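Biologist: I'd like a close look at one part of this model, the salt bridges of one chain. Could you walk me through them slowly, and then set them against the rest of the picture?

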Amino acid sequence: MSAATRNGETAAEIAAAVRSGTRSAREVTDAYLGRIGAGEEAVHAFNLVTADAARARADEIDAMIADGHDPGPLAGVPIALKDNLCTRGVATTCSSRILAGWEPPYTATVVERVVAAGAVPLGKTNLDEFAMGSSTENSAFGPTRNPRDPSRVPGGSSGGSAAAVAAEFAPLALGSDTGGSIRQPAAFCGVVGVKPTYGTVSRYGLIAFASSLDQVGPFANTVTDAALLLDAIAGPDPLDSTSIRAEWNPVISAVDEGIEGLRVGVVTELLDGIDADVAARLSEAVDVLRAGGAKVGDASVPAAIHGLAAYYLIAPAEASSNLARYDGVRYGLRVDGVDVADMNAKTRGAGFGAEVKRRIMLGTYALSAGYYDAYYGQAQRVRTLVIRDFDAAYRDFDVLLTPTTPTTAFEFGDKTGDPLSMYLSDVCTIPTNLAGHPAISVPFGTGANGMPVGVQVLAPALGERAMFRAARALELGAP
Amino acid sequence: MSTREVSKAWEAVIGLEVHVELATATKLFCSCANEFGAEPNTNVCPVCLGLPGSLPVLNERVVEFALRLGEAFEFSVPAQSIFHRKNYFYPDMPKDYQVSQYDAPICVDGTLIVDGTAIGIERAHMEEDTGKSLHVGGSGRIHEADHSLVDYNRAGVPLMEIVSRPEMHSAEQARGYVSALRGVLGVIGVSDVKMEEGSMRVDANVSIRPVGSDELRTRVEVKNMNSLRSLGRAIDYEIARQIEMYETDERIVQETRHWDEDAGVTHGMRTKEGSEDYRYFPEPDLVPVAPDDSMRARARASIPELPAARRVRLVSEWGIADHEAAVLLAEPGLADYAEGAVAAGASGHDATNWSVGAVLGYLNENALAPQGLLLRPDGLAELIGLVSDGSLNRKLATDVLDEALRDGKRPKQIVEARGLAQVSDEGAVGALVDDVFAQNSDAVADWRGGDDKLKKKKRGFLMGEVIKASKGSADTAVLNRLLDEKLNG
Ligand SMILES: [Zn+2]
């Protein structure tokens, strides 16, 4: 059974039908809004459903078709947006009380691009507050449930977007990935999730968690749909200085090129400590790739195991600075105090949740005079080593293979009391963020508890085409 | 020992940190207008307001300006420089961090010649300005205010911070440094360098040490000087205060002190316990600044003649005194004005005299810049021509210039309209003398019969009458000769 049939229609099929006039965008939008109406209460994928705006946008698409215009490659395809992407005049909260009620006066570049490609935004999806977390339990507005098993977390931080796609509330969604925030929930919910090469997708309008690691990317039910969405959002943006200046080389044309001769390395250092059922799926994935003509061998990225520690210094350090602006002065929550400093402190005390505060404290400490070299400085040196080790591995391999997560989706409350064990669920995804490389998580069978397992394909910077070829092969061969 | 004698045993050590607002059309990281005096919070956008999700994009023009500084002050400009974030909470700083350069600035190790002495400049770096707060109620300081209003128009305006080495030893030298710095920044066109409007802000680091020592003792940072004069006063005050402290065995603490212009003293500012930790780290939203060869070449080509070199040239080309050249160069645009007059035919000597005299006086009286004068340099040259060809005497020329400066009329026009042309024609002057002699025959008779003393007196009287009759326009050389001929004839 392929993922495409498991989840009903694909984004590619919807766009084709709308462009050819066999289905109206309005009809598609109403169908998805209907599904949200029926299932959202149990899942809580959304912070906000913008039904009226979605219908109006769908009508515009239909009018364009009627006028003989092509609305674009995502014509009439509903899409869910992670609620850390700015949308003009539409509340954007990062699932934080501190931004409750704030309506940005501008729209994120990625959102502009999907709309320009014909997509129909349905609303804003839930996340761990400011994208800090791996279960969406850190949302100020309550957790999202895993549509495959409501007693389990959807992963995080883009849990709402992953769940929206898994629950068929939307065929596509956008998330953001700082240490695995797209790939880990994609794996937990059994959908495809992509973290593109750092700099290929604009961060303008993505509310920052850790600027040097954050990257926006697609969720979809199929590898092809993910490619379609990635092609719509990737490419240079003059509003983001870290955006890669070269034109984007579309991946959609690579998806079905096959993997004959592709050199695939299994990262041995990231096999320690993963659950046996996940390990079993990974070895079946290797078989699938071999059967498709790939040359699979063992790869070594020794510094990868230190990635987690480096990440938990670099990301909080940047976050401590990025989140300083929520001070009650200009927008969002304000709690009055006796003077400005007191107002700042009271606002932040009341507005941020425990995990956000924990990371701000960690990051502030890591950057402090006298500790900078030992913590932030050292973490940056580890980051350099991670990149060096990946570079060495990519001399022998085109892509690398790892499990996306060490376990399948866990139950609510399992790890909330122990931040460190929660952090460990990102051990396989973090190294690519540190390196700025792309990675994709593809659903590949289920674990002992019946929950989805994800396998991850990694590639060097701008190696997305090879990555998508391998991902497509895994999708086709998945149990 | 008197205090005066003791004071001679101390030497001041002064370093200056100068913040200069760059005169780019737009801000450092966004396309908002960089202008002074707009309605509050009108030149703002998501970027300079630091709204969630916004990102900075470096204004290339600022880098160009920084490269001009690099050329003008002989800085070395490393292949790459980077921006850092300086983290601290303050309501007029929208992101609660300032994007600035820290340990990898764009300009390092430069020099400025101040009255013949080379003063080292440690570094110059790019950074963004903050907004402006208005605290309502209490003393006008943030801590006692009832409420505060913030104008973010200035937030994100590009600044260069220029940090001298602690190589100055008197208030006079510090003033000379700032005025030379201002001169250079003005001619390279990167700033309008107005201390009074805040486009140039100077902080002074002051310490003292025994004469002959080369140690650097605890320094005090003095802020809030808004003119060269107050800079000089504040430094002098601070030097005297520190000498007094050492001589009464009090300890100097490293602190920031606020200059109170009215009281003429510095006050310690309320300081937080321990020194502020800004948690600098490289700004991840920006890429390193790596000016390429063509940008560097463009900066090099854009540098006009700098004041120090120009001073030497004017002295040698025009034969004017060094101090005159210094006055010409101290007023931005005045040397250009004088050179304009020279280009239109005036001698350098005359152009300088008139420029540093009547023209500069008029500029100061009316708070104008030479660029704003209605009388253009060729008009000044015209006036100078009228004097040197004898058609206008010097005294009348001053009046004519005054009128020309005020309403922009050409000097020749004014001379004609007021009938001021100098009368040199012998026949005309002779006729005037004859008239005066006829109307004052007593005086002529007195002269003829008088002794030397009386002769001198009567001659002076007759001369005055002729000048009066000519309304001042009689050529005095011709008049003198004719008067003697006719009296003796
Ligand atoms: Zn702006």
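Modeller: Here is a walk through the salt bridges of chain B, followed by a few spots elsewhere in the structure.

Keep in mind as we go that this is a predicted model. Let's start with the chain itself. Chain B is built from 16 helices and 13 strands. Its radius of gyration is 31 Å, well over the 23 Å that the globule rule gives for 489 residues, so chain B is more spread out than a compact globule. Measure out its C-alpha trace along the principal axes and you get a span of about 95 × 60 × 50 Å. Of its 489 residues, 49% count as buried.

Now for the charges. Chain B carries 54 positive and 78 negative side chains, and the centres of these two sets lie 3 Å apart. Side chains of opposite charge can pair when their charged atoms come close. Over all chains, the count comes to 65 salt bridges.

Take Arg300(B) and Glu71(B) to begin with: their side chains meet in a salt bridge, with 3.3 Å from N to O. This pair links distant parts of the chain, since Arg300(B) sits in helix 5 (residues 293-302) of chain B and Glu71(B) in helix 2 (residues 60-72) of chain B, 229 residues apart. How covered are the two partners? Arg300(B) is partly exposed, with a relative accessible area of 48%. Glu71(B) is partly exposed too, at 30%.

Next come Glu382(B) and Arg410(B), whose side chains also meet in a salt bridge, this one at 2.5 Å from N to O. Glu382(B) lies in helix 10 (residues 377-388) of chain B, while Arg410(B) is in the loop between helix 11 (394-407) and helix 12 (411-418) of chain B, so the pair ties together parts that are 28 residues apart in sequence. Here the two ends get different labels: a residue is buried when its relative accessible area is under 20%, and Glu382(B), at 16%, is therefore buried, whereas Arg410(B), at 32%, is partly exposed.

The third pair stays inside one helix. Glu465(B) forms a salt bridge with Lys468(B), and their closest N and O atoms are 3.2 Å apart. Why can these two reach each other? An α-helix has 3.6 residues a turn, so residues three or four places apart point the same way. Glu465(B) and Lys468(B) are three residues apart in helix 15 (residues 452-469) of chain B, which separates them by about one helical turn. Glu465(B) is partly exposed, with a relative accessible area of 22%, and Lys468(B) counts as exposed at 59%.

Salt bridges can also join up into something bigger than a pair. In chain B, a network of them links Glu305(B), Arg310(B), Arg313(B), Glu317(B), Asp336(B) and Glu339(B).

One more charged residue is worth a stop, this time for its neighbours. Arg165(B) has its place in the loop between strand 8 (158-164) and helix 3 (171-187) of chain B, and it counts as partly exposed at 27% relative accessibility. Leaving out residues up to four places away in sequence, Arg165(B) touches Ile14(B), Gly15(B), Asp109(B), Gly120(B), Ile121(B) and Glu122(B).

For a contrast, let's hop over to chain A. Chain A has 16 helices and eleven strands. A compact globule with 479 residues would have a radius of gyration near 23 Å, and chain A agrees with that at 21 Å. Of those 479 residues, 64% count as buried. Its charged side chains number 39 positive and 54 negative, with the centres of the two sets 3 Å apart.

Helix 6 (residues 159-166) of chain A is a nice example of a covered stretch, as eight of its eight residues are buried. Among them are Gly159(A), Ser161(A) and Val165(A). After this helix comes Glu168(A), whose phi is positive, near 60°.

Last stop: Thr200(A), in the loop between strand 5 (192-195) and strand 6 (215-220) of chain A. Thr200(A) counts as buried at 3% relative accessibility. The residues it touches, not counting those up to four places away in sequence, include Gln215(A), Ile233(A), Trp248(A) and Leu462(A).

Terms used
Residues are numbered from 1 along each chain as its sequence is written. Chains are lettered from A and ligands numbered from 1 in the order in which they are written. This is a predicted model: local features need pLDDT of at least 70, side-chain atom pairs count only at pLDDT 80 or more; totals for chains, interfaces and linings use all residues. Side-chain values use heavy atoms; hydrogens and water are left out. Helices (H or I, at least four residues) and strands (E, at least two) are DSSP runs, numbered from the N terminus. The radius of gyration is taken over C-alpha atoms; the globule rule is 2.2 Å times the number of residues to the power 0.38. Buried means under 20% relative accessible area, exposed over 50%, partly exposed in between (1.4 Å probe, protein chains only). Lys and Arg count as positive and Asp and Glu as negative; His and the chain ends are not counted. The place of a charge is taken as NZ of Lys, CZ of Arg, CG of Asp or CD of Glu. A salt bridge is a side-chain nitrogen of Lys or Arg within 4 Å of a carboxyl oxygen of Asp or Glu. Contact means heavy atoms within 4.5 Å.
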